[in-house]
Amino acid sequence: MRVAGPRRDWGRRLVVGLPFLWLALFFLVPLLMVGKISLSESRSAIPPYEPLFEFADGALVTVRASLANFILLFEDDLYVGAYFQSLTIAGLSTVICLLIGYPMALGIARARADRRGPLLLLVILPFWTSFLIRVYAWMGILKDEGLLNGLLLALGLIQEPLIILNTDWAVYIGIVYSYLPFMVLPLYASLEKLDPSLLEAAADLGAPPWRAFLAVTLPLSLPGIVAGSMLVFVPAVGEYVIPDLLGGGDTMMMGKALWDVFAQTRDWPAASALAVAMLAALALPMALFHHLQGRLEGDGRS
C-alpha cells in the first residue's frame with residue numbers, strides 16, 4: 001500500500017503533464033519564436049531577419065528589439081482594412097451559420113432515434129473530402145459558366161450569368177458551407193439533452209409553440225450557441241484558402257494578408273507581427289465566449 005500511493009501520484013502527473021508538454025512544444029515554443037521574429041528587423045539574407053540578440057564571448061552584447069512592425073500594422077491601411085474585413089466577414093458568416101444550423105440541429109434532435117444517426121452522418125459527410133477540393137468545387141459551381149448560373153438560366157430566372165465568383169458573396173458561401181457542421185454539432189448536443197417534458201409543461205400552461213421556444217428551448221440551448229459560434233468565428237477570422245480562391249482582389253482578410261507578406265515580400269518580421277496581432281485580436285472574443293459559456297453552464301447546474 002505504501003508503494004501504490006507514489007505510483008498512483010506519478011501516473012496522475014504523467015497523464016496531466018503530457019498534454020501540457022504537447023502544448024508547450026507545439027504551441028508555446030513556436031509562438032515564442034514568432035514573437036521573437038516580430039520584434040526583429042527584416043534583411044536580405046537567410047534567415048530574412050536580423051538576430052534579436054547578439055553575443056560576444058558568451059555574453060549578451062546587444063538587444064535589437066523594435067516595435068516598428070506592430071506600429072506599421074496600425075499605420076498601413078491594408079492591414080487595418082484586412083483586420084476589420086476579417087471581423088465583418090467572420091461575424092456575418094457566424095450569424096448565417098447560426099440561422100441555418102439551428103433549425104437543422106433542432107430537426108435532428110427532434111427526429112426519431114433511429115434517424116438521428118443518418119442525419120448526423122449527412123452533416124459530417126463533407127469532412128470525408130479534402131477541404132481544398134471542396135473549395136475548388138465551389139469555384140466550378142459559382143463561375144459565370146458554372147452549374148448555378150446554368151441552372152438559373154435554364155429555369156428562366158435570369159437573362160445573363162450572375163457575377164458571384166471573386167466577390168464577397170462567394171467568400172460568405174464558402175465559409176458558411178465549410179463551417180456549418182461546426183455550428184450544427186454543438187447545437188445538436190445541447191438540444192438533444194433538452195427534456196421534452198419541459199415543452200409539454202409549457203403547452204399545458206397555455207404557451208404557444210413560439211412562446212415555448214423562446215422561453216424554454218432557446219435559453220437551454222445557449223451553451224451550444226456559444227460553443228458553435230466560437231468554433232465558426234475563430235477559424236473564419238484567419239481563413240486564407242476561401243478568400244484566396246473564391247474572393248476577389250478587394251477581399252483581403254488577415255490570413256490572406258499574412259500569407260502575402262510572408263511569401264511574396266518575404267518580410268518575416270512584419271508577417272510575424274501580423275500573426276501575433278491576429279492572435280491577440282482573437283484572444284478577446286475567445287475570452288468573452290469562454291466566460292459566457294462558463295456562466296451559462298453554471299446557471300444550468302444551479
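Contact here means heavy atoms within 4.5 Å. By that yardstick, and leaving out residues up to four places away in sequence, T217 touches Y102, L106, R110, L191, L194, L199 and A212. The model being read here is a predicted one. T217 sits in helix α9, which covers residues 209–220. With a relative accessible area of 0%, T217 counts as buried, because the cut-off for that label is anything under 20%.

K143 paints another picture. This residue is found in the loop that links α5 (131–142) to α6 (147–154). Its relative accessible area comes out at 37%, so K143 is partly exposed, the label used between 20% and 50%. Once neighbours within four places in sequence are set aside, K143 is in contact with N149 and L165. As for R295, K143 is 152 residues from it along the sequence, and their C-alpha atoms are 45 Å apart in space.

On to the annotated regions. The unreviewed UniProt entry lists "transmembrane region" at residues 20–39, 86–107, 119–139, 169–191, 212–237 and 268–289. In the model, residues 20–39 are 95% helix and 0% strand, with 27 Å between the end C-alpha atoms. For residues 268–289, helix makes up 100% of the span and strand 0%, and the end C-alpha atoms are separated by 31 Å. The same unreviewed entry also carries the feature "domain: ABC transmembrane type-1", placed at residues 83–289. That span is 77% helix and 0% strand, and its end C-alpha atoms lie 20 Å apart.

Helix α7 deserves a look of its own. It runs over residues 168–192, 25 residues in total, and from first C-alpha to last it reaches 35 Å, close to the 36 Å expected at 1.5 Å a residue. Even so, α7 bends by about 45 degrees at Y179. A proline, P181, follows that bend within four residues.

Finally, the pockets. The second largest pocket has a volume of about 240 Å³. Its lining is made up of F70, L73, F74, Y79, V80, Y83, F84, M254, L274, A277, A280 and A281. Three elements give two or more residues each to this lining, namely α2 (68–75), α3 (77–109) and α13 (268–301).

Conventions. Residues are numbered from 1 along each chain as its sequence is written. This is a predicted model: local features need pLDDT of at least 70, side-chain atom pairs count only at pLDDT 80 or more; totals for chains, interfaces and linings use all residues. Side-chain values use heavy atoms; hydrogens and water are left out. The expected span of a helix is 1.5 Å times one less than its number of residues. The bend at a residue is the angle between axes fitted to the seven residues ending there and the seven starting there. UniProt positions are given in the numbering used here, feature names are shortened, and annotations may be inferred rather than shown by experiment. Buried means under 20% relative accessible area, exposed over 50%, partly exposed in between (1.4 Å probe, protein chains only). On a 1 Å grid over the protein atoms alone, a cavity is a set of points where a 1.4 Å probe fits but cannot get out, and a pocket is an open set with protein on both sides within 12 Å along at least five of seven lines; lining residues have an atom within 4 Å of a point. Grid points are joined across faces, edges and corners, and a volume is the space filled by probe spheres set on the points.
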